[in-house]
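Work through the exercises below with the structure open. Try each task before reading its solution.

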Amino acid sequence: MLKINSLCWICYEPLYISSHHICSLCSNKLLSHPIMCFKCGLPHTSETSICSTCVHTPPLWQSLTAVTPYQPPLNQLIYRFKYRKQSQISQLLARLILLSWLKQRHLLGRVRPNQVISVPLHHNRKWRRGFNQADLLALWLSQVLGCQWQADTLIRNKATPFQARLSIDKRQENVKDAFYCQYNVAGQHIAIIDDVVTTGNTVKEICQLLINEGVASIQIWCICRTQ
Ligand SMILES: [Zn+2]
Ligand SMILES: [Zn+2]
């Protein structure tokens, strides 16, 4: 019988393990990306794991895991995932987040989250797209890690314009009071899941909300981090 090998989604070479969706060469290349600050996820040049900005002004979260900055090939895969509705890419992207986190955990130690929370879309945007990309990532991660996830833990009650279209001083205002939390999350170790973290204002607003709800710790997990 003719056996058709699956191809790597990045280099199109045949795969040994088709369920991984990318080959080990591409995976290793992505995961060996030059050092990023473990707090904010932005590139930095010093020998330490934390950049000077985060030393002087620590973010509200304990750590940020991103696979790479927003650049090829992952920005192209994210585009296909979100805008061409190729939701099957979610498993590949979620697996890359998990591998990046495991690498960080091995190097620096990380609390294993007992709950993942996806950054919600406003219901109008979710309805237009047909799915929330962060939900698909969170679903896979929660199943693999054996931790809790409910799509409606956070509700986005404001239809906010895209952060990238706003000036820097408007971005925090844009997401102010945009979310509320439906369930008790007190004492939980949380990983907030999003596809791309840009200004950080959205996750900052969610962190403040979750801290007010009494969570034990917060990590941010995303595919790409950019400014
Ligand atoms: Zn490949
Ligand atoms: Zn930093």
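**Exercise 1. Elements along the chain**

In what order do the elements of the protein chain run from the N terminus on?

Solution. The model is a predicted one. Start with the count: the protein chain has eight helices and six strands. Then read them off from the N terminus: α-α-β-α-α-β-α-α-β-α-β-β-α-β.

**Exercise 2. The sheet**

Find the strand order of the open sheet of four strands, and state how the strands pair.

Solution. Step one: the order is S1-S6-S5-S2, and the pairing is parallel. Step two: look at the edges. Strand S1 (63-69) and strand S2 (115-118) each have a single partner strand, so one side of each lacks a neighbour in the sheet. Step three: check the twist. Neighbouring strands of this sheet are turned by 20° against each other on average, with direction ignored.

**Exercise 3. Bridges to S6**

How many bridges join S5 to S6, and how many join S1 to S6?

Solution. Take S5 (residues 189-197) and S6 (residues 217-225): eight bridges link this parallel pair. Within it, aspartate 194 has cysteine 222 of S6 as its bridge partner. Now turn to S1. Six bridges connect S1 with S6, again in parallel. Here threonine 68 is matched with cysteine 224 of S6.

**Exercise 4. Cover on the sheet**

Which strands does helix H3 lie across, and which does helix H6 touch?

Solution. Helix H3 (residues 74-83) crosses S1, S5 and S6, and runs at about 100° to S6. Helix H6 (residues 133-145) packs on the sheet, where it touches S2 and S5. The direction of H6 makes about 135° with that of S5. Finish with burial in S1: six of its seven residues are buried, and the strand is mostly covered.

**Exercise 5. Two domains**

Where do the domains of the protein chain begin and end? Describe how they meet.

Solution. Domain 1 covers 1-32 and domain 2 covers 38-225. Their C-alpha centres are 26 Å apart. At the contact, seven residues of domain 1 meet eleven residues of domain 2. Sort the domain 1 side by class: five nonpolar, two polar and no charged residues.

**Exercise 6. Overall dimensions**

Compare the radius of gyration of the protein chain with that of a compact globule.

Solution. A compact globule of 227 residues would have a radius of gyration near 17 Å. The protein chain has 17 Å, so the two agree. Next, take the extents: the C-alpha trace spans about 60 × 45 × 35 Å along its principal axes. Buried residues account for 37% of the 227 residues. Last, consider contacts between residues at least 6 apart in sequence: 71% of them join residues at least 24 apart.

How values were computed
Residues numbered from 1 in each chain as written. Chains lettered and ligands numbered in written order. Predicted model: local features only at pLDDT ≥ 70, side-chain atom pairs only at ≥ 80, totals over all residues. Pairing = 2+ DSSP bridges. Helix = DSSP H or I, 4+ residues; strand = E, 2+ residues; numbered from the N terminus. Axes fitted to C-alpha atoms, helices over the stretch in contact; angles between N-to-C directions. Contact = placed C-beta atoms within 7 Å. Buried ≥ 20, exposed ≤ 12 C-beta atoms within 10 Å, placed from the backbone. Domains from an automatic or database assignment. Nonpolar A, V, L, I, M, F, W, Y, C, P; charged D, E, K, R; others polar. Rg over C-alpha atoms; globule rule 2.2 N^0.38 Å.
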